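User: I should like to learn how surface features are read from a model. Please begin with accessibility and then turn to patches.

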Amino acid sequence: ISFTHPVHKLYGVFFCLFVMIGLAVYFCGDERHLDNVTYINSYSEDAILRVDGNPLHDDDRVTFPASALVYDKRVAKVNVTVVNDGNLSVRYGDIIYIDNLNVSIPSEKLNKGETDYALYLKSHGISGSVYTTEDKVSFVGYNPNKVKKFIYDMSDYTKEFLYSAIPDNRGGFAIALITGDKKFLSEDVLLDIQMAGLSHVIAVS
């Protein structure tokens, strides 16, 4: 493309501005995520989490997005993973307190071909990750958005309907394939999928 024409020069200027703005947003975003995580960890005893989406069950753990609130002010969005024995029942809109809350920023990928989990979280506006166990989770309230609650209720109803229409592990596999929710699969089938190296097929991406 020749940039001698005035219009082409204008295109070139706009392209350079677009790249510069994109880089500025990316690096400022990194700084903002780091500041958010530092702030939450500084006030961890006063922080609570509001579950912002339907939890996904995976073998011995449950994962869900949540808003971190400090003094009722939303600070950042985090991804929460709770290791449990299947007794923890989390739903959209739950407000929870986690003892010894610690938010971490996932490290960048180390090897070529690996999934860049940090980049994945940032692309979804998530500042960091929380890993905890069931015994450290306390439920302190419930405050869902009615519209979102209706959508998530319909999602749960659809899963239950699909599982009733296609019972056992066939239905469980179909649900996991469509939604990434593995709670309808037996432990034996989950283990077989992992041993076969097919876990990515039923992973949320």
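**Accessibility and surface patches**

Analyst: Phenylalanine 161 is exposed because its relative accessible area is 51%; buried means under 20%, exposed over 50%, and partly exposed in between (1.4 Å probe, protein chains only). The model is predicted: local features need pLDDT of at least 70, side-chain atom pairs count only at pLDDT 80 or more, and totals for chains, interfaces and linings use all residues. Residues are numbered from 1 along each chain as its sequence is written, and side-chain values use heavy atoms, with hydrogens and water left out.

User: Is lysine 159 buried or exposed?

Analyst: Lysine 159 counts as buried because its relative accessibility is 7%. Lysine 159 lies in helix α3 (residues 146-165); helices are DSSP runs (H or I, at least four residues) and strands likewise (E, at least two), numbered from the N terminus.

User: Which residues does lysine 159 touch, not counting those up to four places away in sequence?

Analyst: Contact means heavy atoms within 4.5 Å. On that basis, lysine 159 touches Ile175, Thr179, Asp181 and Phe184.

User: Which residues form the nonpolar patch on the surface?

Analyst: Patches are made of residues with over 30% relative accessible area and no salt bridge (a side-chain nitrogen of Lys or Arg within 4 Å of a carboxyl oxygen of Asp or Glu). Like charges are joined within 9 Å, and nonpolar side chains (Val, Leu, Ile, Met, Phe, Trp, Tyr) within 5 Å. Here Val147, Phe150, Ile151, Met154, Tyr157 and Phe161 form the patch, with about 680 Å² of accessible area together, by the Shrake-Rupley method with a 1.4 Å probe.
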